[in-house]
Amino acid sequence: MLAGDRLVIGAVRRSGPWPAVLAVTAVVGAAGELAIPYLVGRTVDAFVTRQPDGTPWLALSAGAVAAVVAGESLGVWARGAGGAYAAATLRRAVLRHVLGAGNAATRHFPGGELVTRAGLNAEEVGRAPETVTGALALLVPTVGALVALTLIAPVLTLTLGVGIVVILLVLRAFLRASTVISGGYQQVQGEIAARLVDAMEGARTIAAAGTAAQEARRVLAPLPRLRAHGMSLWRANAGAAVQSGLVVPLLEVAVLIAGGFMLASGRLTVGELYAAARYAVLGASLSTSLGFVGGLARARAAAERVAEIFGLTPVAHGTRTLPPGPGTVEFRDVAVDGLTVGDLTLPGGSVTAVVGRSGSGKSLLAALAGRLTDPGRGAVLLDGVPLRELSREELRRAIGYAFERPVLVGETVSEAISQEPAEGPVIEAAQAACADAFVRRLPLGYGTPLRDAPMSGGERQRIGLARAFAQGERLLVLDDATSSLDTVTERQVSQALTTDPRARTRLIAAHRPATAARADQVVWLENGVVRARGPHHVLWEDPAYRAVFQGTEP
């Protein structure tokens, strides 16, 4: 069984009570539809023969019609609620898995692709309970019609059975074709979304370069392929509708011809002939399931795309906690993705600056220290415990991480720094990051909602730094986290880092010689290897080391 099909089945199983509600409404509706021909037939016979007890049959017919209408109404409501429930459940699972996979998710899928798969595709999979239940519900009147025709006249059952086989073959071919076409359509949708997200991220650059028209053409370039898939899907649907639709009148005519001869010979009454004709139409009701089959095809195709996300291996965490320690970080024979660190120690409470030209591996070394990525060889330890063996909570409590472009999460500015109340520790962290002054100028200070607090790039970086200060108990990792700060603010933050009263270990990707000069040791990376280690003033004697800082401010 394909991963996508397993996901569809799982969506049906985990969609709450709604499939059961849909099943009940479908059975009630099907029972009513099956009863109507019989009851109307008896009503017709009663009035044709002028029987005095015809009124009860008329009342029963009206009751069956009311049951069908009530079942349909309840079914429409249940389909909407069930689809929303299933989609929401799947989206939560996708989000948890993406966050659990970490960097692996963004390495495998562009941002727009992830949004499309977690949004549109998850919604299509969420409709699986409706489509599966709806398609299966149509089997009830089909089977009931076969049984009813057998009771009326077995010879008519054979005619209906042949028609049902033809309809099933048409539906099977349509399901296969539309699944493939829907997959192609959804793939192009994801490609357009990925291009659009890239363009939005670079909107200022595009505007400054005057390339908006060219970028619009690039984003919309896949539209002809999208149209081609859409037209193919329409043609497949139209062809299947024509083929299956022709079966219904042919079946009805065949049953009427055979039933007519039986009526002429006295083996059928007028009411039974009417019932037989209606049962032939009900038996062929599978021909109306194209919408359900098309929805199931889209759900299967979307599920294949969502299943690729679940195929990512989430970051595994252990259960260990840290013993008392100063925050010593050890790299033991570490290498990963073109970066060879070998053996390296960051003494507890020390400041280590990592320098090197762009592409030398500074961000990758920082990611290893904060366990945003794992080494392909070797191990990284914090106070003697491998990072892989720490629990998620212990790891994130011990290490604070600040990025070049921080994403602020939470409802308010205070929550973006810490989930703790905006009291002493939060304010101290904001002060260390030089963020306290501008936060207090906001309308509600630390309680200002993020959506009402427009910030410059430097201000966002300072909030990100404050979050790292508030979170990391033993290690602070700053990956180009001061690049948007002005010189004065950067020096103030660097001073706070190098004089941290909590004496945490600090690892800083440095771009300015002044930052490196304040560090206890410097790790100099070049072409993915550690070229040298030592104090800044010693390394400064090497012209190649000085060249790393060319063009930067002192």
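# A guided tour of the predicted model

Begin by selecting Val355, Val413, Met455, Ile463, Leu465 and Tyr545, the residues with the most contacts inside the largest nonpolar core, which has 43 residues. A nonpolar core here is a set of buried Ala, Val, Leu, Ile, Met, Phe, Trp, Tyr and Cys residues joined through side-chain atoms within 4.5 Å, where buried means under 20% relative accessible area, exposed over 50% and partly exposed in between, with a 1.4 Å probe and protein chains only. Helix α19, residues 457-471, gives the most to this core, with five residues; helices (H or I, at least four residues) and strands (E, at least two) are DSSP runs, numbered from the N terminus.

The model is predicted, and for that reason local features need pLDDT of at least 70 and side-chain atom pairs count only at pLDDT 80 or more, while totals for chains, interfaces and linings use all residues. Residues are numbered from 1 along each chain as its sequence is written, and side-chain values use heavy atoms, with hydrogens and water left out.

**Around the cores**

Stay with methionine 455 and display its surroundings: leaving aside neighbours within four places in sequence, methionine 455 is in contact (heavy atoms within 4.5 Å) with Leu408, Val413, Phe438, Leu450, Arg460 and Ile463. Then select Ala145, Ala153, Leu160 and Val247, which are among the 31 residues of a second, separate core. In soluble globular proteins, nonpolar side chains tend to be buried together.

**Phenylalanine 109**

Next, go to the loop between α4 (103-108) and α5 (111-126), where phenylalanine 109 lies. Is phenylalanine 109 buried or exposed? With a relative accessible area of 9%, phenylalanine 109 is buried, and, not counting residues up to four places away in sequence, this side of the tour shows phenylalanine 109 touching Leu114, Arg117, Glu308, Ile309 and Leu312. Add a C-alpha to C-alpha distance from phenylalanine 109 to glutamate 308, and the viewer should give 9.8 Å for two residues that are 199 residues apart in sequence.

**Aspartate 479**

Move on to the loop between β7 (475-478) and α20 (487-498), and select aspartate 479. Aspartate 479 is buried yet has no salt bridge, the nearest side chain of opposite charge being lysine 362, 7.5 Å away. In this count Lys and Arg are positive and Asp and Glu negative, with His and the chain ends not counted, and a salt bridge is a side-chain nitrogen of Lys or Arg within 4 Å of a carboxyl oxygen of Asp or Glu. Which side chain makes a polar contact with the side chain of aspartate 479? The partner is serine 363, at 2.9 Å; a polar contact is a pair of N or O atoms within 3.5 Å, of which, within protein, one must be able to donate a hydrogen and the other to accept it, and residues adjacent in sequence count only if both atoms are side-chain atoms. Beyond four places in sequence, the contacts of aspartate 479 include Tyr401, Phe403, Glu404 and Ala509.

**The β1-β2 hairpin**

Now select residues 329-336 (β1) and residues 339-346 (β2), which pair in the antiparallel sense over six bridges; two strands pair if DSSP finds at least two bridges between them. Valine 336 stands opposite leucine 339 in β2, and the hairpin has two residues between its strands, with aspartate 337 in the turn having a positive phi of about 45°.

**Salt bridges**

From the hairpin, pick aspartate 333 and arginine 377, which form a salt bridge whose closest N and O atoms are 3.3 Å apart. Arginine 377 lies in strand β4 (residues 377-382) and aspartate 333 in strand β1, so the pair ties together parts that are 44 residues apart in sequence. Both are partly exposed, arginine 377 at 41% relative accessibility and aspartate 333 at 38%.

The structure holds 21 salt bridges, and another one to select joins the side chains of arginine 91 and glutamate 123 at 3.8 Å, N to O. Because arginine 91 lies in helix α3 (residues 54-101) and glutamate 123 in helix α5, this pair ties together parts that are 32 residues apart in sequence.

Finally, select helix α15 (residues 392-398), where arginine 397 and glutamate 394 both lie, three residues apart, about one turn of the helix. Their salt bridge has its closest N and O atoms 2.3 Å apart, with arginine 397 partly exposed at 38% relative accessibility and glutamate 394 buried at 9%. To end the tour, select Arg91, Glu123, Glu124, Arg127 and Arg298, which are joined into one network by salt bridges that share partners.
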